[in-house]
Amino acid sequence: MAAVVDPDEDLVRRVGQGDPAAIQALVARKLPRMLSLAQRMLGDAVEAEDVAQEAMMKAWKQAPRWTPGKAKFDTWLHRVALNLCYDRLRRRREVLVEAPPDRPDPGPAPDRGLLAAELGVRVETALKALPERQREAIVLCHYQELGNIEAAGLMGISVEALESLLGRGRRALRAALADLAPNAPEAVGGRS
Amino acid sequence: MNADRMRELAEAWGGDLRRWPAAERSAAEDFAATRPEAADRALFEARQLDAALDAAPRVVVSTALSDRVIASAQGAGLKARAAWPGLRRLLWIGGASWAAAACAGVMFGLTLTGDLERQAQLDLVLDQASIGGLDDMAVLG
């Protein structure tokens, strides 16, 4: 099998040697990505911080014994953070069985103009309402910008199955945000 | 590639062809080149949704979190090692050599001083003997 080209390889090696500048650089490079992943998966800022910190702690422990060429460090770190997110989501489900959540806010009426911040909140709410696997697919592919093979590998599914999850997730989001959508070119231009 | 498949792919992977699976991308690019209006229609809604997803608030790392994570590296046992351990060893050996050479120099100096002092004392005795002007024959008779 061909060795994996990892853009983080040198940085991780230096972190493993305890180089303070490398530690700072890895934090600058990875912490925002892990926080973003956890925030979008969990929809809770405090829990997201806990997950991101815990994932980075595991990175510190792994760095001295990291073997380059087998996997990308970024993919490994995503796997760690996703597992931590799923642990928390599982615990939440156990609690929520007894107390079902409120229905998500359907959002403002269609004729109401939206500020960018309001749009952001609508999108976040719609994303949070998706089934976990659909949300995970969208977060990995859209927000984390992972390649389709890498994202499918992380989720333990084929690229075709990932496509199916993405399609269903995005259709559900579009339906939830339908009142915001402008007309498509066909409707505007009347072209067929 | 036909219009239905193009729409299906856009619904799943979004409006940016660079994010599509490599196996589908070139066929989609060919479709967009030959039927640009149909491709635009397929991509339009996908791009709208991409834009909406991008409107979600950006997640910002606080300084406090960043500081905590950096501090946790030391807690995990990551401690800075010397960047040039070999060089440091060489410098230590070099320093020790200089110290040894200095000690040897001092010892040599002390020895030399002792020899010179003894020689000077001997010369002094001989000089004093000659100052008296005594002839060996006179003394001995």
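1. A quick definition before we get to the helices: a residue is called buried here if 20 or more other C-beta atoms lie within 10 Å of its own. Keep in mind too that this is a predicted model.

2. With that in hand, have a look at α6(A). This helix is mostly covered, with 10 of its 12 residues buried. The buried ones are Q134(A), R135(A), E136(A), A137(A), I138(A), V139(A), L140(A), C141(A), H142(A) and Y143(A). What do they pack against? Within chain A, the partners of these buried residues are α2, α5, α7 (148–155) and α8, and chain B adds its α3 (36–54).

3. Just past the end of α6(A) there is a backbone detail to check. E145(A) sits in the loop between α6 and α7 of chain A, and its phi is positive, about 55°, although the residue is not a glycine. As background, most residues other than glycine have a negative phi. Is E145(A) buried or exposed? E145(A) counts as exposed because it has 12 C-beta neighbours inside 10 Å, and the cut-off for exposed is 12 or fewer.

4. Next, the helix pair α2(A) and α3(A). Two packed helices are described by the angle between their axes and the distance between the axes. Here the angle is about 140° and the axes are 8 Å apart, which means that α2(A) is oblique to α3(A). Their crossing is right-handed.

5. Who makes that contact? From α2(A) come V27(A), K30(A), L31(A), M34(A), L35(A), A38(A), Q39(A) and L42(A). The α3(A) side brings A45(A), E47(A), A48(A), E49(A), V51(A), A52(A), A55(A), M56(A) and A59(A). Sorted by class, the contact comes out as 13 nonpolar, one polar and three charged residues. On spacing in helices generally: an α-helix has 3.6 residues a turn, so residues three or four places apart point the same way.

6. On to the contact between the two chains. It draws 44 residues from chain A and 33 residues from chain B. On the chain A side, the elements giving two or more residues are α2 (20–42), α3 (45–62), α5 (116–129), α6 (132–143), α8 (159–176) and α9 (185–189). Which of them gives the most? That is α2(A), with nine residues. By class, the side of chain A that touches chain B holds 24 nonpolar, 10 polar and 10 charged residues.

7. Chain A also has an internal boundary. It is divided into domain 1 (1–101) and domain 2 (109–181), and the domain centres, taken over C-alpha atoms, are 21 Å apart. Each domain puts 11 residues into the contact between them. On the domain 1 side, α2 and α4 (73–96) of chain A each supply at least two residues. That side has four nonpolar, four polar and three charged residues. So α2(A) turns up in several places: it contributes to the domain contact, to the contact with chain B and to the packing around α6(A).

8. Finally, chain B by itself. How many helices and strands does chain B have? There are six helices and zero strands, so the order from the N terminus on reads α-α-α-α-α-α. Of the 141 residues in chain B, 18% are buried. Among the chain B contacts with a separation of 6 or more, 63% link residues 24 or more positions apart.

Definitions and conventions: Residues are numbered from 1 along each chain as its sequence is written. Chains are lettered from A and ligands numbered from 1 in the order in which they are written. This is a predicted model: local features need pLDDT of at least 70, side-chain atom pairs count only at pLDDT 80 or more; totals for chains, interfaces and linings use all residues. Two residues are in contact if their C-beta atoms, placed from the backbone, lie within 7 Å. Helices (H or I, at least four residues) and strands (E, at least two) are DSSP runs, numbered from the N terminus. Ala, Val, Leu, Ile, Met, Phe, Trp, Tyr, Cys and Pro count as nonpolar, Asp, Glu, Lys and Arg as charged, and the others, Gly among them, as polar. Domain bounds come from an automatic or database domain assignment. Axes are lines fitted to C-alpha atoms, for helices over the stretch in contact, and angles run from 0 to 180 degrees between N-to-C directions. Angles under 35 degrees count as roughly parallel, over 145 as roughly antiparallel, 65 to 115 as roughly perpendicular and the rest as oblique. A crossing is left-handed if the near helix is turned anticlockwise from the far one by less than a right angle, and right-handed if clockwise.
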